[in-house]
Amino acid sequence: MTKAVTQWMFSYWKNGRVGNFIFYPISYYKHKSKGTRNIVYAWGNSDGGWTGHLPSEVAGKEYEDHVSGATSVYRPKIVASLQNKSIRDVACGQGFTLFVTRQGQVYSSGVGRYGQLGLGSLKEVEGITVIDSIPERVITCAAGDRHSLFVTEQGHLYTCGYGKRGELGLGTTCRRIETPQLIESLAREDERIIKVAAGHGFSVALSESGKVYSFGSANDGHLGHGEVPGGIFLWEPFHSHRHMETSPRLIRALEKEQMEYISCGSGHVFAINKEGVAFGWGCGRYHCFATREEVNWEQPQPLLHLPGPWKQIVSGGAHTLGLTRGGQVWAWGVNHFGCLGVGEQSISPGEPQMVEKLLQLAKEPIQWIAAGWFFSMAVDSEGYVYSWGRGQAGALGTGEDEDKWEPVAIQKENGEPLQVDRIYAGMNYAIAVKDE
């Protein structure tokens with residue numbers, strides 16, 4: 001089984017209800033391949049090329065959303081255009097997806113109005129299209145709300161997309177960059193970047209030596225440098241984003257720690273060191289730090305009140321999941337639509353809860369977790385996949401759009417249990433990769 005390394009996401013409330021302008025930068029994972037061939041499955045909302053399925057592959061009433069009429073895939077379906085590709089990494093952003101092959105190529109699909117697809121245009125791309133402007137082999141990527149990050153074998157970092165808040169790290173601000181550009185300030189022989197994560201208007205990078213860099217909007221302590229302009233709000237009508245770092249800046253508070261993992265939520269960050277101790281900083285909305293109060297942390301703070309030691313911590317729309325090195329899954333935040341997986345019980349948002357149903361369903365320890373827009377997923381060491389939370393547009397892969405308040409096993413279209421090595425969650429959709 002492969003080693004999980006990172007993930008992130010975002011949503012918001014408006015007039016007491018969940019709004020539709022939602023995005024989820026999602027996961028980065030480093031893993032060791034079993035072979036050179038993959039099977040890629042995708043399900044959920046397939047409009048606009050988010051999942052990589054071509055419109056002709058998901059035509060018909062069986063793929064029509066029961067409520068909105070949008071195109072949805074209700075069970076894991078093989079992405080035909082990726083059958084001859086060897087996929088190393090996947091990242092899901094706000095309506096777009098990035099795929100990295102083991103040969104170092106990058107493909108993108110979906111919404112590209114800010115240049116986040118890296119294709120030199122602002123068009124929507126329903127088919128998977130290669131990004132051919134990066135002159136080096138890419139090993140991993142991350143997707144934000146409207147920007148993309150790419151790490152190469154040489155340890156260089158390239159970025160594209162929306163950059164008005166400095167999230168591209170290019171030393172300036174810009175409305176859009178349509179092809180990936182090298183961050184020259186990080187292109188040093190003594191510091192190789194190996195992992196990246198993306199949040200709402202900011203980015204985080206992890207070096208081979210365990211150092212963490214951040215850039216973009218500094219509101220609410222996103223960057224971890226000790227400044228906290230602004231309040232608890234996350235969205236542009238309330239934030240000017242005047243406070244920013246347009247170039248990567250070392251987080252001094254973590255300089256003595258050797259970090260191995262990073263992940264971003266909408267306005268916060270988690271990092272885990274080699275001992276499995278988790279640190280968090282940024283906006284504390286939805287009790288993402290498992291505290292009673294929704295407080296912002298302007299600098300990294302150790303999460304010593306959580307069980308640990310940690311392997312993975314990921315955030316969804318308004319909830320957070322943590323995976324311990326022993327294979328237990330914990331959840332905290334709001335339990336809307338059952339996204340915590342603990343049933344319909346009333347719980348305190350700041351109190352971590354073990355997802356006990358997984359202990360009954362999974363015969364082996366959990367090895368991988370992912371969080372989407374009010375839904376969650378887990379994979380055990382045998383590759384079996386479980387999902388729970390909001391089922392809108394078929395996001396749970398259960399064959400229907402009903403919410404699940406506790407984990408359930410996912411089956412393929414032929415009725416067989418789904419077995420994969422890696423999962424990635426986005427806005428109402430998910431992608432899974434099986435190595436062969």
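Guide: One term before we start: a residue is buried when its relative accessible area is under 20%, with a 1.4 Å probe and protein chains only. Also, this is a predicted model.

Visitor: Got it. So are Arg165 and Asp145 buried or exposed?

Guide: Both Arg165 and Asp145 are buried. For Arg165 the relative accessibility is 2%, so it falls under the 20% limit.

Visitor: What do the side chains of those two, Arg165 and Asp145, do together?

Guide: They meet in a salt bridge, with N and O at 3.5 Å. Arg165 sits in the loop between β11 (157–163) and β12, while Asp145 is in the loop between β9 and β10, so the bridge ties together parts 20 residues apart in sequence.

Visitor: And which residue forms a salt bridge with Arg165 at 3.2 Å?

Guide: That's Glu167; the 3.2 Å is between the closest N and O atoms. Glu167 counts as buried because its relative accessibility is 0%. Through shared partners, salt bridges link Asp145, Arg146, Arg165 and Glu167 into one network.

Visitor: Okay, zooming out. How many helices and strands does the protein have?

Guide: One helix and 30 strands. The protein has 436 residues, and buried ones make up 62% of them.

Visitor: You mentioned β9 to β12. What do those strands form?

Guide: An open sheet of four strands, in the order β9-β10-β11-β12, with antiparallel pairing. The edges are β9 (138–143) and β12 (174–182); each has a single partner strand, so one side of each has no neighbour in the sheet. On average, neighbouring strands here are turned by 15 degrees against each other, direction ignored.

Visitor: How many bridges join β9 to β10?

Guide: Five, and the two strands run antiparallel; β10 covers residues 147–152. As one example, Thr140 has Val151 in β10 as its bridge partner.

Visitor: Switching topic: how many disulfides does the structure hold?

Guide: Zero. Take Cys141, which is in no disulfide: the nearest cysteine sulfur belongs to Cys92 and is 9.1 Å away. Cys141 counts as buried because its relative accessibility is 0%. Cys339 is buried too, at 0% relative accessibility.

Visitor: And salt bridges, how many across the whole structure?

Guide: A search finds 12. One of them joins the side chains of Arg102 and Asp435, at 2.9 Å from N to O. Arg102 is in the loop between β6 and β7 (106–110) and Asp435 is in strand β30 (residues 429–435), so this pair ties together parts that are 333 residues apart in sequence.

Visitor: Why does Arg102 count as buried?

Guide: Because its relative accessibility is 17%, which is under the 20% limit. Asp435 is buried as well, at 3%.

Visitor: What about Thr101, where is that found?

Guide: In strand β6, residues 96–101. Thr101 is buried, with 1% relative accessibility. Setting aside residues up to four places away in sequence, Thr101 touches Ser86, Ile87, Arg88, Tyr107 and Val138.

Visitor: Now the nonpolar side. Which residues of the largest nonpolar core touch the most other members?

Guide: There are 54 residues in that core, and the ones touching the most other members are Val90, Phe99, Trp310, Leu358, Ile366, Ile369 and Ile431. Strand β23 (residues 329–333) gives the largest share of the core, four residues. Another core lies apart from it, with 21 residues including Ile39, Met377, Ala395 and Ala425.

Visitor: What is Ile366 in contact with?

Guide: Leaving out neighbours within four places in sequence, Ile366 contacts Leu323, Gly327, Val329, Leu358, Ala378, Val379 and Asp380.

Visitor: Any backbone oddities? What kind of peptide bond joins Gly308 and Pro309?

Guide: A cis one, with omega about -10 degrees. Most peptide bonds are trans. Pro309 lies in the loop between β20 (297–302) and β21 (310–315).

Visitor: And what is the phi of Tyr286?

Guide: Positive, about 65 degrees, although Tyr286 is not a glycine. Tyr286 is in the loop between β19 (278–282) and β20, and it is buried with a relative accessible area of 11%. His287 has a positive phi too, near 55 degrees. His287 is found in the loop between β19 and β20 and counts as buried at 12% relative accessibility.

Notes
Residues are numbered from 1 along each chain as its sequence is written. This is a predicted model: local features need pLDDT of at least 70, side-chain atom pairs count only at pLDDT 80 or more; totals for chains, interfaces and linings use all residues. Side-chain values use heavy atoms; hydrogens and water are left out. Two strands pair if DSSP finds at least two bridges between them. Axes are lines fitted to C-alpha atoms, for helices over the stretch in contact, and angles run from 0 to 180 degrees between N-to-C directions. A nonpolar core is a set of buried Ala, Val, Leu, Ile, Met, Phe, Trp, Tyr and Cys residues joined through side-chain atoms within 4.5 Å. Buried means under 20% relative accessible area, exposed over 50%, partly exposed in between (1.4 Å probe, protein chains only). Contact means heavy atoms within 4.5 Å. A disulfide is a pair of cysteine sulfur atoms within 2.5 Å. A salt bridge is a side-chain nitrogen of Lys or Arg within 4 Å of a carboxyl oxygen of Asp or Glu.
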